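Q: I'm new to reading protein structures, and I'd like a close look at a single part. Could you walk me through it step by step?

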Amino acid sequence: MAPVTTDPIPLAQALIRCRSVTPADGGALDVVQRALEPLGFTCTRLVYGPDDYRVDNLFARRGTAGPHLCYAGHTDVVPPGDVAAWTDDPFSGEVRDGLLFGRGACDMKGGIAAFIAGLTDYLAAHPDHPGSISLLITGDEEDRSVDGTAKVLEWMQANGQVPDMALVGEPTSRRALGDTIKIGRRGSLTGRITVQGKQGHSAYPALADNPIHRLVAALGPLLAAPLDNGSEFFPPTTLQVTGFDVGNRASNVIPATARAMLNIRFNDHHTSATLTERLHAALRAAGCAYALDVDCSGESFLTRPGPFVDALSRAIARSTGVTPALDTGGGTSDARFIARYCPVAEFGAVGATLHQVNEHASVAELRRLAAAYQTIIAEILG
């Protein structure tokens, strides 16, 4: 594949200069739309959410036939934090010493610009390409993730726009571009436990019921042994107690209530339902009078190696000279929503500085990422 001749850096700079801290769009999707419409894409803007949290999204498609490849990403970014700690304005898009600086340079405005650059060159060489290409770009990935990709996918299904496969451009490479493809993600379940007891004097425990002891007794078996030993593509499930509170400052008082918060990152041995029942069973066994509230931000999912993953691997290896490892680590991403509709994988730049002060991406790497995306499109569509 010839090197990419369309430079992604000017587009990445234009995106970084949009102050699109979730849910603000800051003009970022206008920048994307202006880049895509001259390439023959039909763009649809989809706005969801309450009046005080409106989320702007973009779906763009060129072609109507299959196979249909969708690229998914987000233009929203996390807040810059301590602006004084940045060398430059976090939204300057400054290029210095071969690096592009700014919030979103790494996660993931640089990746979106690289895809559009690679796409531009692919279309120049293949104006009558087979199949179709779409982009699903949301403004709600870094925060609630309610009125972004999940809602757009519902619209896509209702309007006959579900793709055959999807590529999410999150910065997945670890040390070198091309070394990692994410083919799944662990699920994440947060549990908030409240155990009721009876307040009393610590010198007269028989007249009280210590909820701390019951809560510790319930948590003990959950922490004593691994929940599993991992699976073919996933590491072992982990349970971490992330909060513990009794609201008691007096050393001679047994409190009436004890609370704990925990987070379980789980593999494909479990679902949020089976883990919730496991928590209930532990609390019942400890004889607790309790309340349990759970929130699952995403179930575990896996796109098994097959035609799509194999094509990605071939294209990445050919473009970068690196054979990618298949990985499922890290946190959650919008791929968890897409997995309900079609096979999905994630591939993007090295994510060493995402969410950090002085977030940056290598200019040379973004250009190589554009070439890799061009090769991937050609491998899948022909």
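Does A105 count as buried or exposed, going by its relative accessibility?

A: Happy to help! First, a word on what you are looking at: this is a predicted model, where local features need pLDDT of at least 70 and side-chain atom pairs count only at pLDDT 80 or more, while totals for chains, interfaces and linings use all residues. Residues are numbered from 1 along each chain as its sequence is written, and side-chain values use heavy atoms, leaving out hydrogens and water.

Now to your residue. A105 counts as buried, because its relative accessibility is 1% and buried means under 20% relative accessible area (exposed is over 50%, partly exposed in between, with a 1.4 Å probe and protein chains only).

Where does A105 sit? You will find A105 in the loop between β5 (99–101) and α3 (109–125). Helices (H or I, at least four residues) and strands (E, at least two) are DSSP runs, numbered from the N terminus.

Next, look at what surrounds A105. Setting aside residues up to four places away in sequence, A105 touches I16, L100, G110, E359, H360 and A361; a contact means heavy atoms within 4.5 Å. Try finding A361 in the sequence: A105 and A361 are 256 residues apart there, yet their C-alpha atoms are 5.6 Å apart in space.

That pair fits a wider picture. Among contacts in the protein chain with a separation of 6 or more, 79% join residues 24 or more positions apart. Burial can be viewed across the chain too: of its 382 residues, 54% count as buried. The chain has 9 helices and 19 strands, and its C-alpha atoms fill a box of roughly 80 × 45 × 40 Å, taken along the principal axes.

Let's also visit the nonpolar interior. In soluble globular proteins, nonpolar side chains tend to be buried together. A nonpolar core is a set of buried Ala, Val, Leu, Ile, Met, Phe, Trp, Tyr and Cys residues joined through side-chain atoms within 4.5 Å. Here the largest such core has 59 residues, and L36 and F41 have the most contacts inside it. Helix α9 (residues 363–381) gives the most to this core, with 11 residues. A second, separate core has 21 residues, including V195 and L215.

For a contrast with A105, turn to F244 in strand β12. F244 is partly exposed, with a relative accessible area of 42%.
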